[in-house]
Amino acid sequence: MPWRLAVTAAAVTAGTTVWSATVATEGVPARGFLLILFVAGLPLLARDAPTAFTCVCLLTGMVLLWVSLLGAAVGLGPVVAASLALLAASVADPDAPPGGCSVALAGALLLVILPVGFCWFS
């Protein structure tokens, strides 16, 4: 489960960053967007080490939370969903798979949070 959350967070961050880079490049250099993509991919490199994965998810989630708050003016607000997913991945139990209700709730939240985030922060 934590691995899936990290992959989802990386995908959300990648989509938001690419959209932001193409639409709203108000004084933000391309290196800034590449740095955000690199930071979002860090948890994917620590898959085989559970302790490192937990620490990297926690740190990356906090960094992306600040990026989403500070970068809201250039369209990076929806990255808050990725940061929350990484923070959840840092405390998720890898041995307990989610039930059907948890998966349905996560899907419903994504369908609500992402469009609202794009409209609110854009």
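Reader: Looking at helix 2 and helix 3, are they roughly parallel or roughly antiparallel to each other?
Author: Keep in mind that this is a predicted model. Helix 2 covers residues 30-45, and it packs against helix 3 at an angle of about 150°. Anything over 145 degrees counts as roughly antiparallel. So helix 2 and helix 3 come out as roughly antiparallel.

Reader: And how far apart are the axes of helix 2 and helix 3?
Author: Two packed helices are described by the angle between their axes and the distance between the axes. For helix 2 and helix 3, the crossing is left-handed. The angle there is about 150°, and the distance between the axes is 8 Å.

Reader: Let's step back a bit: what pattern does the protein chain follow along the sequence?
Author: The protein chain has 5 helices and 0 strands. Reading along the sequence, you therefore meet helices and no strands. Written out, the pattern is α-α-α-α-α.

Reader: What percentage of the residues of the protein chain count as buried?
Author: To count as buried, a residue needs a relative accessible area under 20%. The protein chain has 122 residues, and the share that counts as buried is 32%.

Reader: Is P43 buried or exposed?
Author: P43 sits in helix 2. The cut-off for buried is under 20% relative accessible area. P43 has 0%, so P43 is buried.

Reader: How far apart are the C-alpha atoms of C55 and P43?
Author: These two belong to helices that pack on each other: P43 is in helix 2, while C55 is in helix 3. C55 counts as partly exposed because its relative accessibility is 43%. Along the chain C55 and P43 are 12 residues apart, and their C-alpha atoms are separated by 8.9 Å.

Reader: What about P43 and G61, how far are their C-alpha atoms separated?
Author: Here the gap along the chain is 18 residues. In space, the C-alpha atoms of P43 and G61 are separated by 9.6 Å.

Reader: Which residues form the nonpolar patch on the surface?
Author: One of its members is M62, which lies in helix 3 (residues 50-70). M62 counts as partly exposed because its relative accessibility is 38%. Together the patch residues have about 570 Å² of accessible area, and they are L58, M62, W66, L69 and L70.

Reader: At what angle do helix 3 and helix 4 pack?
Author: Helix 4 covers residues 79-91, and its axis is 8 Å from that of helix 3. The crossing of this pair is left-handed. Helix 3 and helix 4 are roughly antiparallel, because angles over 145 degrees count that way. The value for this pair is about 160°.

Reader: Last one: is the crossing of helix 1 and helix 4 left-handed or right-handed?
Author: Helix 1 covers residues 2-23, and it packs with helix 4 at an angle of about 165°, with the axes 8 Å apart. The two are therefore roughly antiparallel. As for the handedness of the crossing of helix 1 and helix 4, it is left-handed.

Note on methods. Residues are numbered from 1 along each chain as its sequence is written. This is a predicted model: local features need pLDDT of at least 70, side-chain atom pairs count only at pLDDT 80 or more; totals for chains, interfaces and linings use all residues. Side-chain values use heavy atoms; hydrogens and water are left out. Patches are made of residues with over 30% relative accessible area and no salt bridge: like charges are joined within 9 Å, nonpolar side chains (Val, Leu, Ile, Met, Phe, Trp, Tyr) within 5 Å. Accessible areas come from the Shrake-Rupley method with a 1.4 Å probe; for residues, only the protein chains shown count as cover. A salt bridge is a side-chain nitrogen of Lys or Arg within 4 Å of a carboxyl oxygen of Asp or Glu. Helices (H or I, at least four residues) and strands (E, at least two) are DSSP runs, numbered from the N terminus. Buried means under 20% relative accessible area, exposed over 50%, partly exposed in between (1.4 Å probe, protein chains only). Axes are lines fitted to C-alpha atoms, for helices over the stretch in contact, and angles run from 0 to 180 degrees between N-to-C directions. Angles under 35 degrees count as roughly parallel, over 145 as roughly antiparallel, 65 to 115 as roughly perpendicular and the rest as oblique. A crossing is left-handed if the near helix is turned anticlockwise from the far one by less than a right angle, and right-handed if clockwise.
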